[in-house]
Amino acid sequence: MRRRERNNIYIILLCIVFVLTGCSSGKQATHHSVADIHSSKIVAESPSVTASRGCLSANVRLSLNAGGKSLSSSGSLRIKRGEGIQIGVKALGLMEIACLEFLPAGVRVINKIGKEYADVPYADVSFLQRTGIDYTLLESVFMNRIFSPDGKPFPEALDGMAMSADDDTLTVTTKEHNGLVYKFVYEKSTSNLISSEGQYRNGARVVCSYEEFEELDGVPFPRVILLSLEGAGKNVRLQLKLSSFSSGAFDFSPRKISSGYKKIEGPDLLKFLENL
């Protein structure tokens, strides 16, 4: 594989970090109406609240569009609830050459071809500390689950959240918490969570859209997860298309780092992300 192609794959992984960790602080929510009983029931009984799967594994096709350029690669996705998220990227669909891990304590990026890695604790990212974004929230994004930024469990967390509706969708808006506001959009006919959105004061927004739902253990789950960072001079769009997914149990362990790998310091990685 040519060096340019290897670098493109590395950039895909770094863009996932960039989109999911955001870039600024939130803005005030516009509340429409207090949650009514019918709307609360739609959310409380939706798969985004009731699904209890603890594991998810799938093949994944990654497609990135950033700055007018398009990149793509194949790989794998493995999630074990409360333990970690692994996204492995393969060359020619065969050999894993890079890996991204969201772990309870931080993010790990591994470039196997370049023999380098970065460990970035969430505690070292000022934006995450300021807003309270943590692993649990990131895991919810990948698992198609609604979340409360203050950590309250559902359905109790629905109390005080604002809801608005049109003919086809129901939108749930959280209260501001540590300067962040989130919106969750549900399809009324299926009760599926089809969009999660974080809003920012600088005009940017992070949106995660879910498409092409299929049954997984009798519960709908999206085959397509579309992450995008829009506005404030940034426009990054990343699609994860899943196939052959399973909720079968597996043992999770972070990738081991070989002694010959060079460590990239957190500030250098974050500076690179800001310049994407």
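How many helices and strands does the secondary structure of the chain come to? In this predicted model, the secondary structure amounts to 6 helices and 14 strands. The chain has 276 residues, and 52% of them count as buried. The points below take up the chain as a whole, its largest pocket, its cysteines, and several individual residues.

**The chain as a whole**

- Among the contacts in the chain with a separation of 6 or more, 57% are accounted for by residues that stand 24 or more positions apart.
- The area that the chain exposes is about 13,000 Å², and carbon and sulfur atoms supply 47% of that area.

**The largest pocket**

- The volume of the largest pocket is about 370 Å³, and 22 residues line this pocket.
- Of those lining residues, Thr136, Ser140, Phe147, Ser148 and Lys152 are the ones that lie nearest the centre of the pocket.
- Helix 3, which spans 47–50, and helix 5, which spans 135–142, each contribute at least two residues to the lining, and helix 5 provides the largest share of the lining, with 4 residues.
- Sorted by class, the lining of the largest pocket consists of 9 nonpolar, 7 polar and 6 charged residues.

**Cysteines**

- The count of disulfides in the model comes to 0, where a disulfide would be a pair of cysteine sulfur atoms within 2.5 Å.
- Cys55 counts as buried because its relative accessible area is 6%, a value under the 20% that sets the limit for buried residues.
- Cys208 is likewise buried, and its relative accessible area is 3%.

**Two buried loop residues**

- Leu158 is placed in the loop between helix 5 and strand 7, the latter covering 162–165, and with a relative accessible area of 4% Leu158 counts as buried.
- Although Leu158 and Lys41 are 117 residues apart along the chain, the separation of their C-alpha atoms is 9.9 Å.
- Ser247 lies in the loop that runs between strand 13 (234–246) and strand 14 (262–263), and it is classed as buried because its relative accessible area is 18%, which falls under the 20% limit.
- When neighbours within four places in sequence are left aside, Ser247 is in contact with Arg53, Cys55, Leu216 and Asp217; one of these partners, Cys55, is itself buried, whereas another, Asp217, is exposed.

**Residues with a positive phi**

- Most residues other than glycine have a negative phi.
- Glu212, a residue other than glycine, nevertheless has a positive phi, with a value near 55°; Glu212 belongs to strand 11, made up of residues 205–216.
- Glu212 counts as partly exposed because its relative accessibility is 39%, a value that lies between the 20% limit for buried residues and the 50% limit for exposed residues.
- Asp217, which is not a glycine, also shows a positive phi, of about 55°, and is located in the loop between strand 11 and strand 12, where strand 12 covers 219–231.
- Asp217 is classed as exposed because its relative accessible area is 60%, which is over the 50% required; this residue is also among the contacts of Ser247.

Technical notes. Residues are numbered from 1 along each chain as its sequence is written. This is a predicted model: local features need pLDDT of at least 70, side-chain atom pairs count only at pLDDT 80 or more; totals for chains, interfaces and linings use all residues. Side-chain values use heavy atoms; hydrogens and water are left out. Buried means under 20% relative accessible area, exposed over 50%, partly exposed in between (1.4 Å probe, protein chains only). On a 1 Å grid over the protein atoms alone, a cavity is a set of points where a 1.4 Å probe fits but cannot get out, and a pocket is an open set with protein on both sides within 12 Å along at least five of seven lines; lining residues have an atom within 4 Å of a point. Grid points are joined across faces, edges and corners, and a volume is the space filled by probe spheres set on the points. Ala, Val, Leu, Ile, Met, Phe, Trp, Tyr, Cys and Pro count as nonpolar, Asp, Glu, Lys and Arg as charged, and the others, Gly among them, as polar. Contact means heavy atoms within 4.5 Å. Accessible areas come from the Shrake-Rupley method with a 1.4 Å probe; for residues, only the protein chains shown count as cover.
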